[in-house]
Amino acid sequence: MSTPSRKDRLTRDEVAHLAHLARLAVTDEELDLFAGQLGAVLDAVAQVGRADVADVPPTTHAVPMTNVFREDVARPSLPRDAVLAGAPAAEDGRIRVPRILGEGA
Amino acid sequence: MSDLTSTDAAELGRLLTAGEVTAVEVTRAYLDRIAAEDDALGAYLHVDGEAALRTAEQVDAARAGGTATGPLAGIPLALKDVVVTEGVPTTSGSKILEGWRPPYDATLAARLKNAGTVLLGKTNMDEFAMGSSTENSAYRVTRNPWDHDRIPGGSSGGSSAAVAGGLAPWAIGTDTGGSIRQPAAVTGLVGHKPTYGSVSRYGLIAFSSSLDQAGPMTRTVLDAALLHEAIAGHDPLDSTSIDSPVPVLAEAARRGAEGDLAGLRVGVVTELGGDGHTDGYDEGVLARFAETVALLESLGAEVRPVSCPAFDLALPAYYLIAPSEASSNLARFDGVRYGLRVGDDGDRDLDEVMALTREQGFGPEVKRRIILGTYALSSGYYDAYYGQAQKVRTLITRDFTRAWDDVDVLVSPTSPTVAWEVGARVDDPIAMYAADLCTLPASLAGVPAISVPCGLSEGLPVGFQIMAPALADDRCYKVAAALEAAQDAARGSRFLDQLAARPAGSAA
């Protein structure tokens with residue numbers, strides 16, 4: 001893998017697209033600021049491309065990961081009221097959420 | 001009675017057990033100092049004095065009644081606000097969790113509660129632990145007790161300021177890329193990042209799950225070992241928790257303090273401040289480091305240089321892996337189940353409410369990292385960025401593994417510089433990230449690493465880092481304790497006594 005050849009920095013439009021994917025309603029001022037800053041960060045992190053990693057496996061975790069099982073027995077859950085007390089909106093013993101589907105859906 | 005707020009935690013435990021002081025007296029001494037000094041210092045986000053005194057009274061009553069109490073019972077404690085605490089506000093330094101009172105305790109919080117420690121409060125931090133100065137907190141600026149114009153390190157800067165400033169005898173921090181060790185270094189504390197998987201992450205608000213570890217921030221090496229032992233051990237609620245016996249650490253610290261390191265093989269990492277790798281390092285930091293390496297030799301250690309070429313790429317690899325994991329972890333803050341919700345007017349749909357909530361609830365550094373992580377994980381760039389970074393992570397681990405063939409521990413400065421002035425790096429993410437240069441390799445490889453004070457530069461503390469193989473945390477404590485004992489003996493006082501001896505908030 002060679003260094004990603006990005007002489008062009010992250011464009012404002014790219015940052016806007018990524019922000020949308022990440023569900024961040026960023027402002028115009030933030031787009032201007034982040035595009036510049038993230039371009040500089042991206043130039044710095046792109047140095048990983050310098051490494052010769054032919055035949056090197058990726059490390060996802062520092063310790064060996066194996067599936068962890070437990071006995072299939074019921075355990076108490078958190079009390080409903082305690083959970084609802086932390087929710088931004090509750091109704092009829094449930095978390096109330098904004099509508100999910102648009103009018104045309 | 002000497003000042004309780006300058007007494008180390010091990011000694012407090014002894015005084016409490018012997019009945020020479022009560023938990024209420026100790027707790028009140030700390031609450032008084034918090035009331036008098038935390039407006040200026042900014043270490044805490046939440047303090048509940050009444051609750052702390054109630055807990056202390058219960059411990060005193062149990063002790064007076066002859067009920068078995070453990071060695072830590074009655075010792076006050078501060079927790080970084082990333083640790084979930086039942087009924088006690090927990091924000092992770094973010095507006096998106098303002099006012100949230102969790103319905104459960106993190107495993108480490110529960111263990112410390114069961115040990116009878118007294119929770120003084122929750123400490124300030126960079127939002128979601130993203131930062132090296134605590135300036136990314138959504139709530140307040142935290143100042144370095146050695147010089148109030150300077151940062152206390154980060155992201156566990158509230159914990160470092162509280163302990164160094166005498167507003168807690170010890171504290172818990174978390175470390176993803178250096179967030180225990182770097183703030184400990186720049187405030188003159190001992191800070192240890194345990195082997196990944198050896199302290200439960202259950203109930204720690206996740207930043208980068210393959211890297212996050214909680215650990216002690218204390219005034220002495222022995223205190224760090226005692227606090228570490230209290231939180232360590234297998235936890236079925238954390239699937240990455242290592243199922244092995246709790247390590248014997250306090251004993252390692254006590255043995256180390258005897259000062260004999262004969263036969264210990266020490267590797268000095270060339271890539272972390274050695275020949276050809278001194279750019280960005282303070283001269284004073286390198287001088288204190290060299291003196292401390294010489295001190296190790298005088299204690300009997302065999303010192304040799306060790307080259308770990310992949311460490312040069314630790315910083316770029318980390319700033320791809322951590323933001324990638326963060327962008328995924330922080331998806332849980334969606335304005336639905338807990339915390340902030342913005343724009344829910346009955347007209348906007350879930351997507352819009354989510355975007356408005358996250359826009360208002362997250363600060364700039366969090367947004368930058370979410371966007372960067374989203375980019376690094378996106379189709380077309382994944383192999384070049386995230387995938388490549390994970391392979392570099394393998395190379396870093398291999399450098400460590402190769403080093404352990406020849407040496408028992410690796411050493412380096414903890415951070416390239418002393419504490420900088422508040423505001424100096426806030427507009428320059430790259431400069432901020434450079435503070436983690438020396439701490440990132442151990443994070444990426446999951447190995448334990450401790451920072452222990454090794455002197456002053458420009459009147460400010462410098463930290464010395466000791467790294468060891470996975471599950472050999474005891475080596476970190478042994479070597480750190482030997483250094484601490486030798487330096488204390490030469491100085492004739494403890495490291496932090498130098499801070500108490502000078503005017504508040506001003507560098508010498």
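Tutor: Let's start with burial: a residue is exposed if 12 or fewer other C-beta atoms lie within 10 Å of its own, buried if there are 20 or more, and partly exposed in between. Keep in mind that this is a predicted model.

Student: Okay, so is Asp55(A) buried or exposed?

Tutor: Asp55(A) has 6 C-beta neighbours inside 10 Å, so it counts as exposed. You'll find Asp55(A) in the loop between helix 2 (28-45) and helix 3 (80-85) of chain A. Look at its backbone too: phi is positive, about 65°, although Asp55(A) is not a glycine.

Student: Which residue of chain B other than glycine has a positive phi near 55°?

Tutor: That's Glu458(B). Glu458(B) sits in the loop between strand 10 (449-457) and strand 11 (460-467) of chain B. Try the burial count again: 15 other C-beta atoms lie within 10 Å of Glu458(B), so this residue is partly exposed.

Student: Peptide bonds next. Where is Ser155(B), and what is the peptide bond from Gly154(B) like?

Tutor: Ser155(B) belongs to the loop between strand 3 (118-123) and helix 5 (157-164) of chain B. The bond leading into Ser155(B) from Gly154(B) is cis, and its omega is near 5°.

Student: How do I read a strand?

Tutor: Here's the general idea: in a regular strand, side chains alternate between the two faces of the sheet. Now for a case in this model: strand 7 (residues 265-269) and strand 8 (residues 302-306) of chain B pair in the parallel sense over five bridges. Within that pair, Val268(B) stands opposite Pro305(B) of strand 8.

Student: Through which helix does the chain cross from strand 7 to strand 8 of chain B?

Tutor: Through helix 9 (residues 283-298) of chain B, in a β-α-β crossover that is right-handed.

Student: What does UniProt list for chain B?

Tutor: An unreviewed UniProt entry gives "domain: Amidase" for residues 25-476 of chain B. Over that stretch the chain is 37% helix and 14% strand, and its end C-alpha atoms are 34 Å apart.

Student: And how many residues does each chain bring to the contact?

Tutor: Chain B brings 59 residues and chain A brings 47 residues. On the side of chain B that touches chain A, several helices each supply at least two residues, including helix 10 (314-329) and helix 12 (364-376). Helix 13 of chain B gives the largest share of that side, 13 residues.

Student: What kinds of residues make up that side of chain B?

Tutor: Its residues divide into 31 nonpolar, 14 polar and 14 charged.

Note on methods
Residues are numbered from 1 along each chain as its sequence is written. Chains are lettered from A and ligands numbered from 1 in the order in which they are written. This is a predicted model: local features need pLDDT of at least 70, side-chain atom pairs count only at pLDDT 80 or more; totals for chains, interfaces and linings use all residues. Two residues are in contact if their C-beta atoms, placed from the backbone, lie within 7 Å. Helices (H or I, at least four residues) and strands (E, at least two) are DSSP runs, numbered from the N terminus. Ala, Val, Leu, Ile, Met, Phe, Trp, Tyr, Cys and Pro count as nonpolar, Asp, Glu, Lys and Arg as charged, and the others, Gly among them, as polar. UniProt positions are given in the numbering used here, feature names are shortened, and annotations may be inferred rather than shown by experiment. Two strands pair if DSSP finds at least two bridges between them. A crossover is right-handed if, with the strands pointing away from the viewer, the path from the first strand over the helix to the second runs clockwise.
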